[in-house]
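Visitor: Got a minute to walk me through this one? I'd like the overall picture, then the ligands.

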Amino acid sequence: MGLFGFMEDIETHVFGRLTLRWPPRLKRRLFDSLVTGSAGFIGSHLTEALLERGDRVLGVDSFDPYYSAAQKRRNLRRSLANPAFRFLRGPIQGVRLTRYLRKGAGIYHLAAQPGVRGSWGTKFEYYVQNNVLATQALLEEVVRSGVRSKVVYASSSSIYGDQPPGPMREDATPNPISPYGMTKLSAEHMGRLYARAYALNFVSTRLFTVYGPRQRPDMAFNRMFHAIRSKKAIEVYGDGRQLRDFTYVGDIVDGIVSAGATDTEETVFNLGGSSPVRLDEAIAHIRTISRLPVKIHRLPTPKGDPRTTWADNRRARRELHFRPRTSLREGLRRQWAWQSGEAGGDLVG
Ligand code: NAD
Ligand code: UGA
């Protein structure tokens, strides 16, 4: 530990100038919030929102190789400039993260192996590791520590899978159709078990296809904008008529923050705009916004891709005052501005 103490850990972890032991020895300091997956798409926005409301935030992220470390470094840039933020690079498993938290600190658990279509075959191992085992390790750590934190978990619309037509309600019977969805549901159940056994306050927020600046490079809009900028055809899976409740990342972050702050008996919330659109309608917006020619290459529907996602968000509206405000067109315009700006050059996928 050098002159800047903990900050040196941040720099060395992020910029890789030194190899540090894991878990690192950090100066004890008490944080108001812990964000796992803080270098990721949603986690980095959430971290900024918590800093903005005045929290001291500890972020942890393993820089999983699923996509480029360069994008994750950029995601963290703004938070790292804030002295109220500290970052640890490494897996959440096996680290006593709670010793850095004040009693009652909020824990926002977003670290995961995401991605519906890639969760088949040998890759499933990563899903079990990072979605099931990592969640269990975090929960064990929380209940053993006596930190009395509320844990807000980033679950997924993919736990619903195929459902009868119409909006998906939190009390529907889960029916995941991808291995990814199955691991997200396992983690929800895991939280429920710990809540019951140890009186832990555990809330699942089920997020519906999130988009906006910093979107993961494997997701549809990122891939499409990237292809258009590279003058390549966009790939459309299936007939393009699948419905998705695309929800802007800023609105999702508001919902997650509110889930952490609100006292409520409910433990599961859909966070989605409840205004699903067909993929081909979204592509029409992409065409208008980019003002570039869009060529389409059609491919079969991948295994595990649901036909429809559609949030019934009445519970979140009532209990969390969740008010998604960003229209798809406006959100896509912001994502396009991000992808065609400075960051655009480094995108992968
Ligand atoms: P992301 O991949 O950008 O962020 C996840 C981060 O977690 C990554 O930076 C990764 O390095 C980190 N990570 C993975 N395993 C880890 C571990 N064991 N320890 C520490 N860090 C680890 O993904 P995202 O799109 O921002 O998703 C965030 C969360 O929201 C995930 O839990 C995901 O399942 C959930 N979710 C996302 C969407 C969406 O549309 N993006 C929708 C529903 C749910
Ligand atoms: C997204 C996230 O990737 C998951 O992590 C998350 O859990 C899930 O949302 C969720 O809502 O829970 P997905 O809906 O597949 O999953 O999001 P996109 O990658 O944006 O795909 C949207 C649609 O576009 C899908 O039907 C997909 O098959 C299609 N698609 C994707 C294409 O047609 N072309 C592409 O290049 C990529």
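Visitor: What share of the contacts join residues at least 24 apart?
Guide: 81%, counting contacts in the protein between residues at least 6 apart in sequence. Contact here means heavy atoms within 4.5 Å.

Visitor: Any ground rules before I read numbers off it?
Guide: This is a predicted model: local features need pLDDT of at least 70, side-chain atom pairs count only at pLDDT 80 or more, and totals for chains, interfaces and linings use all residues. Residues are numbered from 1 along each chain as its sequence is written, chains are lettered from A and ligands numbered from 1 in the order in which they are written, and side-chain values use heavy atoms, with hydrogens and water left out.

Visitor: OK. How many helices and strands are there?
Guide: The protein has 10 helices and 13 strands. Those are DSSP runs numbered from the N terminus: helices are H or I with at least four residues, strands are E with at least two.

Visitor: And how much of the protein is buried?
Guide: 54% of the 349 residues. Buried means under 20% relative accessible area, exposed over 50%, and partly exposed in between, with a 1.4 Å probe and protein chains only. About 15600 Å² is exposed, and carbon and sulfur atoms supply 51% of that. Accessible areas come from the Shrake-Rupley method with a 1.4 Å probe; for residues, only the protein chains shown count as cover.

Visitor: Ligand 1 next. Which residues are closest to ligand 1?
Guide: Asp 61, Tyr 67, Tyr 180, Lys 184 and Val 210, out of 30 that surround ligand 1. A residue counts as near when one of its heavy atoms lies within 4 Å.

Visitor: What about polar partners for ligand 1?
Guide: A polar side-chain atom of Gln 93 is 3.1 Å from a nitrogen atom of ligand 1. On the oxygen side, one oxygen atom of ligand 1 sits 2.8 Å from an N or O atom in the side chain of Arg 216, and a polar backbone atom of Asp 64 is 2.9 Å from an oxygen atom of ligand 1. The protein covers 98% of the 830 Å² of accessible area that ligand 1 has on its own.

Visitor: Which element gives the largest share of that shell?
Guide: β5, with three residues. At least two residues each come from α2 (41-52), β5 (150-156) and α5 (179-198). By type, the shell around ligand 1 has 16 nonpolar, nine polar and five charged residues. Nonpolar covers Ala, Val, Leu, Ile, Met, Phe, Trp, Tyr, Cys and Pro; charged is Asp, Glu, Lys and Arg; the others, Gly among them, are polar.

Visitor: Now ligand 2. Which residues come nearest?
Guide: Ser 156, Ser 157, Tyr 180, Arg 216 and Asp 305, among 23 residues around ligand 2. The side chain of Ser 156 has an N or O atom 2.4 Å from an oxygen atom of ligand 2. For Asp 305, a polar side-chain atom lies 2.5 Å from an oxygen atom of ligand 2. Of the 700 Å² of accessible area that ligand 2 has on its own, the protein covers 95%. Two or more shell residues come from each of α6 (220-229) and β8 (234-237). That shell splits into 11 nonpolar, six polar and six charged residues.

Visitor: Switching topic: which residues touch the most other members in the largest nonpolar core?
Guide: Ile 42, Leu 46 and Ile 256, in a core of 53 residues. A nonpolar core is a set of buried Ala, Val, Leu, Ile, Met, Phe, Trp, Tyr and Cys residues joined through side-chain atoms within 4.5 Å. Helix α7 (residues 249-261) gives the largest share, six residues. A second, separate core has 27 residues, including Phe 31, Ala 105, Tyr 153 and Tyr 194.

Visitor: Last one: is Arg 214 buried or exposed?
Guide: Buried, at 9% relative accessibility. Arg 214 is in the loop between β7 (210-211) and α6. Its side chain makes polar contacts with the side chains of Ser 44 at 3.0 Å and Glu 48 at 2.8 Å. A polar contact is a pair of N or O atoms within 3.5 Å; within protein, one must be able to donate a hydrogen and the other to accept it, and residues adjacent in sequence count only if both atoms are side-chain atoms.
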